[in-house]
Amino acid sequence: MVLVLAIGDFYVPHRCCELAQRFRELLAPGKIQHVLCTGNVCSDEIEALLRRVSFDVHIARGELDGPAWPERVVVSIEQIRFGLCHGHQVLPWSGRTGDAFTATASSVSAEATAHVRALHALRRDMGVDVLVAGMAERPALTSGKLGGLVVQPGSATGAPRVTDPWPSDKADNSCKTSNAPGFVLMDVHGSHVTLYTYVQDRDDPQQVHVEKHVFERPDPTASALLL
Amino acid sequence: MNAALEVLGVSSPCVVSVELDAGEHRRVDARRRPIYAPAETVSGTVSVRVKSGRPLAHRGIQIECVGFIDGLRGRRHTRQELLSVGLRCEEADVIPAGEVRRYPFAFVDIDKPYDTYDGINVRLRYAVRVTVQRPQPYHPIVEECDLAVQQATPPPDLNPSIRMEVGIEDVLHIEFEYSHSNFHLKDVVIGKIYFLLVRVKIKRMEIEIRRRENVRGLHSELETVAKYEVMDGAPVRGESIPVRLFLAQYPTLTPTYRSVAGVFTVKYFLNLVMIDEDDRRYWKQHEVFLWRDAKDMA
Amino acid sequence: MTRSNNRASGATGTAPPTSATAAAAAVFAAAKASTLDEARLLREALARVAHQSLRMQRQWKGGQYAEAVVAACDVAAELRVPVGVGSPSSTAEDTTAPARSGRLLSPRSYYDLYLAVLQALRVLETSLWSLLQSQPLSVLPFYEHAQHSPYVVARLYPLITVGSVYVRSRQAPAEDVLRDLLEMCAGVQHPERGLFLRAYLLQAMKDKLPDEGGEYAGSAQGSIAFLLRNFTEMNRLWVRMQRDCPAGERARREHERRQLQSLVGANVACLARLQALTVEMYRDTVLPQLTEQVLECQDVLAQECLMDCIVQAFPDALHVATLPHLLQTCAALRVGVDVRSVLTGLADRLGRFARADAAHHTLLREADALQTLLQWVPQVLDSQRAASALSDELQLYRALLGFLLVAFPEQRQHCDALLGLCAKAVSQRLPPPAPPPTSVDETEDVSPPAPTTTSELPPTRPDTPMSATRRRRPSGDGQAAAATPAPAADTDDPDVVPLLERILLLPLHHYTELEALASLAAYPTVMQLLPLENQRALAAEVLRRSLPPGSTGRGVAALPLLEALLGLVRPLLEQMPGEEVMYHRRTGVPYLAVDGELVRGYEAQQHLVAQIVYLLRTDDLRLFVRLRQALLSGGPARTRLTLPPLAFALLRLLRVYRARHGPAACDKLLEFVHQVLSDLADVDASTALRMHLQGAAAVDASELSDDRFLYEFMAHAYVLFEEEIADSRSQFSSLVLIVGTLGTLHRLDADNYESLASKAVKHASRLLTRADQCLALCACSTLFSDVGGGRWEASRALGCLERAARAARSSVAPAERALLLLDVLNRAMLILEELHERAPDTARDAAPNDVWDDFCRFTADTVDSVRDLLTRLEPDASGGKAAAARLARALAYLRDVRELHEGVFLRLHGGAA
């Protein structure tokens, strides 16, 4: 059992204050073997936090990150090949999750939007089974027509988008946005991946909704063709 | 020793012993002498045991009750008889060897007016004396058995406390207080010493009981009968130190005697002594009167 | 009264005689011999104690009880040994008494002896007790008998032992026995011996004191009187230890006294444990008598220790009831007494008391504890000012503040006053800071400096990516603080700075509301007393505590509060002397440096500063304007980090602003956004460009009627791209972002879109490398291939792809050529798929067949080109394998969704193999 954390789009401090305390507690060191970060780490503190979670941290470059990190990363864990890319390079953006349709993490949706379709194309081109990409507002899993999975862990901080209204009302204490903080935890076992999506409740920061999904790599003969 | 003398033929040929009535039940004084009241009958038995081998020829056996005052000043021994009452219990006779003869005796209504006293310079004694007169050239055989006489006196009518303020100007100033001036022999001296001014470093403080004998107008030196530390360390101004001295712990104490047969007097003093760090002594002496209470006799 | 000099009789019996050799040694080497003497003396005394103790036990077993008691006196007689410092007038020739050979048993050794004696006495006590259990005896004779010893120390120890049994047997009222013993103990006036004796008295009696609910009958008043009396006497003895002490001995003497401190304090502790002690009793009897003793003794050490002892021993509720008295006493203590630590202890205790229970708050309130403290503390301090260290004083303020914040958190004015006192205390103790140097130079450069581009800089060593430009720090209202060095940094006391920090952290911990903290006017004043580094750390802590805004409740909605907050964090906002800005050689990003060295960690602090904007819970633009002004004073190295969140927040404000103030007001907001972005562009063009794109997205989502601002944002982005982005990698990624954003904008009118899109294509084809050109053109193709979004211009999309393929083919390296063509191929396949999925009708029927055909043909041609390239490549050439794998995957997909790609297959020259 190998645990892989997919997380990213922190945007601290560019778009929001900090990572929720509840998530900091969940991301305790010593449990998770690999971290795949989709980028926009922005601050050293968050990077240090990720490196405390695990020794093996891969970070792809987001649009606000410096040039230190690569655009794309390929990692093999057990019998699964993971690709990692932030996704802002993958055009078009239109039809991103949350734009054209409100994706929920409740089910693995078939690829539907132009952006996700492009991500799948990238996944095929990179020759990976699972592509972890950012730019989503909440965790979303999308399976390809012919197998393969795109995992979008969403924003770990629930960083608001520029179109979310500023909480200017004095009475409005919370930082409510259309986005919900979340990440995806993957339990890799051979060619079998169990995915858990973590989404923080908007009203109760202590509450985290977890959902479980399963992904199985199509079959070995198909993978031979992929290579 | 006796055996050696016997071989030489000069040892006492008989053993004379005095046994007082109810001797084992009687109270004894510090020298283990049985105590009698002044008018009490002194009775008992004298036994004469002639040693085996030789009969004892004597010229009469006499039992006396005697009392006298011995003066011990220097080499000069003086003796004054107070009392001598005799009984002749056997005329001249020969007692066969090995025989024991007993002679009961009783001195009724003889007056023993003064207490027994053992001092440095003077001693007042009572005794039952047995004399076996022997033909010349032998000395008479004398055996004495000491008695103690003690009498209780009524408590004094006035028993004022002693309170005094003394001192050396600008050096030491104290006030002391004793509960009484008269104490019976089992009494407790209770007192207090207040320090009003202390400019010397006092190390400790003691109470001494001192005694002075006066025999025929000659004062003897003060004799310290008891020493009792009442304070350890240096007091400061305003300190008050308690004194509680149990006289019973000193069995050699006697009552104060103002005049015994016109021969001697005994006086007691309480002496408060402070000793400073350089061992200088500061003292104040005050006479106290001791008496023997009826309770002390019991 | 008579005085006589009788040395011979005076020294007898004080201690057993020692050998002449030891005495001689003491004469020659007093210091060394004294310790040897002491050890030997102790050893001998202990041996005698053991011996006499055995004798006592033997006699007791033999039924000789009176003799056993006498033996117990002999045991205790060992405690008559001289203790402490020998008499200064001791003479060498008198060698018989050990007291004459200088120093003898130290209190520590004496204590060992004392313990040994106590052990023997415990045997006596248990023996006597078990005897009483078996026979109906009276204790009185034993009590009297114990008093027969001629030595006062020797008889008092067994007397106490027998007395304790006497009380236990209940043959006499405890009160009477206690009173008697207490009185008799006055016989020992020697300080050390007296202290130990009375300590034993207390120890033997403390469980036998009549008390409420206690075992022994009698009034608790009597117990209190007993303890107070014993305390008084012990204290006097203890104070007396110091008397007549030669100057050289003083330190050692004090040390010894401190060792004995607990003996005296035990009385107070015992008093405090009495169940019957009521508030009234404490207030009316106990405390007045205790404090009277404390004040009367006029001894610095005793006052210090005893006050501390009183404060620590008694329950807090009693202190609350008697606060004025306690403080009054503190004020009357002698100069030199460490009254601060006493008060500190008191305040700490009250603080804990208040924290322990909510009911305690009312108690404190009723007692008016705070007023009393604040009224008295300055007086107490004034009475002691000359004598104590600054750190002690601060320690006191720390404790008081802790108490205040726990018990009376709402009394902010007092908190402020205390902080003011701290500031005063520090500034009074320190020399006045040097006046700020005034020079003409400083007034010259008023505006924040614009960054110089790296090209102007002289070349630096290749291994250092940074180059430095020294700049004059911006002069502003921060100048005064910058020019005066922090005075607390000057003090020698290493405790002052940490203490000040702790003092300043206290309100932070207790006031969750930012308003509360901001209302403390003295807070920044105290803060300025710290060295700069600490000021910054503290300011960062202020921010950390305030963020996220959820925890501070209402956030910042008014200008004064923002001003106060900015005042608090000013050390973080401003550039300080000695700091300079260095620019990254390649990216031109500014960093903070001191003496040519990069400052590590400042970014984390600036990230906190950047988050101030999240506290703003308002749509009042003035606050944002003020914040920008404050942020700008930090210089480029800081604004690089602090401006983006401000800009982003402003953009999010747009929708609210429009709804509340109408579209016209948005002009003002957007104008301000442009100002902020232009500030940002000066320091970090690439981020500024991204923020412009975000601006465009924000305007697109808002319900503004025309696309003027939208266009403006995009146009600015282009300007930045053209003028500021020099690096080719950066150019490429920026362009991709421009294209991506452009693709999502819905409210641009067709003309504007057209012009912006063609600009993108133009820039794409002018990028530095062929690879960038190719990939950028592929990206641009999406601008025209949005089938669902209605921007479907097949010819232009195809045109982009063809230009991309041309760029790819003109690449020099064959492997790269193949890889780039594969990118083009993938893009073409994606467009085909999109076309097919989203608009099958358009694709199959409505759209002209030639478009479909063109795409299919183009795709097939690309596949053929790649194949062709791959056959000509060396098999092991770098990139060749990767290209082959990618081609295989693309073909496999073509095969798998064959119905979609039928058109492509038809046109493939080599078939689908």
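Two strands pair if DSSP finds at least two bridges between them. In this predicted model, seven bridges join S1(B) to strand S3 (residues 42-50) of chain B, and the two run antiparallel. The points below cover two sets of strands in chain B, one helix in chain A, and two contacts between chains.

**An open sheet in chain B**
- Three strands of chain B make up an open sheet, in the order S1-S3-S8, with antiparallel pairing.
- Strand S1 (14-20) and strand S8 (100-107) of chain B are the edge strands. Each has a single partner strand, so one side of each has no neighbour in the sheet.
- On average, neighbouring strands of this sheet are turned by 20° against each other, direction ignored.
- Within the S1(B) and S3(B) pair, Val15(B) stands opposite Arg49(B).

**Strand S19 of chain B**
- In a regular strand the side chains alternate between the two faces of the sheet.
- Strand S19 (residues 240-246) of chain B shows this alternation. Ile241(B), Val243(B) and Leu245(B) point to one face and are buried. Ser240(B), Pro242(B), Arg244(B) and Phe246(B) point to the other face and are not buried.
- S19(B) is joined by seven bridges to strand S15 (residues 188-198) of chain B, and the two run antiparallel.
- Across this pair, Ser240(B) in S19(B) stands opposite Tyr194(B).

**Helix H3 of chain A**
- Helix H3 (residues 114-126) of chain A has 13 residues. At 1.5 Å a residue they should span 18 Å, and the end C-alpha atoms are 18 Å apart, which agrees.
- Of the 13 residues of H3(A), 13 are buried, so the helix is largely enclosed by the rest of the structure.
- Gly127(A) follows H3(A), with a positive phi near 70°.

**Where chain B touches chain C**
- Chain B brings 30 residues to this contact and chain C brings 29 residues.
- On the chain B side, strand S12 (162-168), strand S18 (223-232), S19 and strand S22 (280-291) each supply at least two residues.
- S18(B) gives the most to that side, with six residues.
- The chain B side divides into 15 nonpolar, four polar and 11 charged residues.

**Where chain C touches chain A**
- This contact takes 53 residues from chain C and 42 residues from chain A.
- Helices give two or more residues each to the chain C side, among them helix H29 (602-610), helix H33 (685-701) and helix H42 (880-896) of chain C.
- H31(C) provides the largest share of the chain C side, nine residues.
- The chain C side divides into 26 nonpolar, 13 polar and 14 charged residues.

How values were computed:
Residues are numbered from 1 along each chain as its sequence is written. Chains are lettered from A and ligands numbered from 1 in the order in which they are written. This is a predicted model: local features need pLDDT of at least 70, side-chain atom pairs count only at pLDDT 80 or more; totals for chains, interfaces and linings use all residues. Helices (H or I, at least four residues) and strands (E, at least two) are DSSP runs, numbered from the N terminus. The expected span of a helix is 1.5 Å times one less than its number of residues. A residue is buried if 20 or more other C-beta atoms lie within 10 Å of its own, exposed if 12 or fewer, and partly exposed in between; C-beta atoms are placed from the backbone. Two residues are in contact if their C-beta atoms, placed from the backbone, lie within 7 Å. Ala, Val, Leu, Ile, Met, Phe, Trp, Tyr, Cys and Pro count as nonpolar, Asp, Glu, Lys and Arg as charged, and the others, Gly among them, as polar. Axes are lines fitted to C-alpha atoms, for helices over the stretch in contact, and angles run from 0 to 180 degrees between N-to-C directions.
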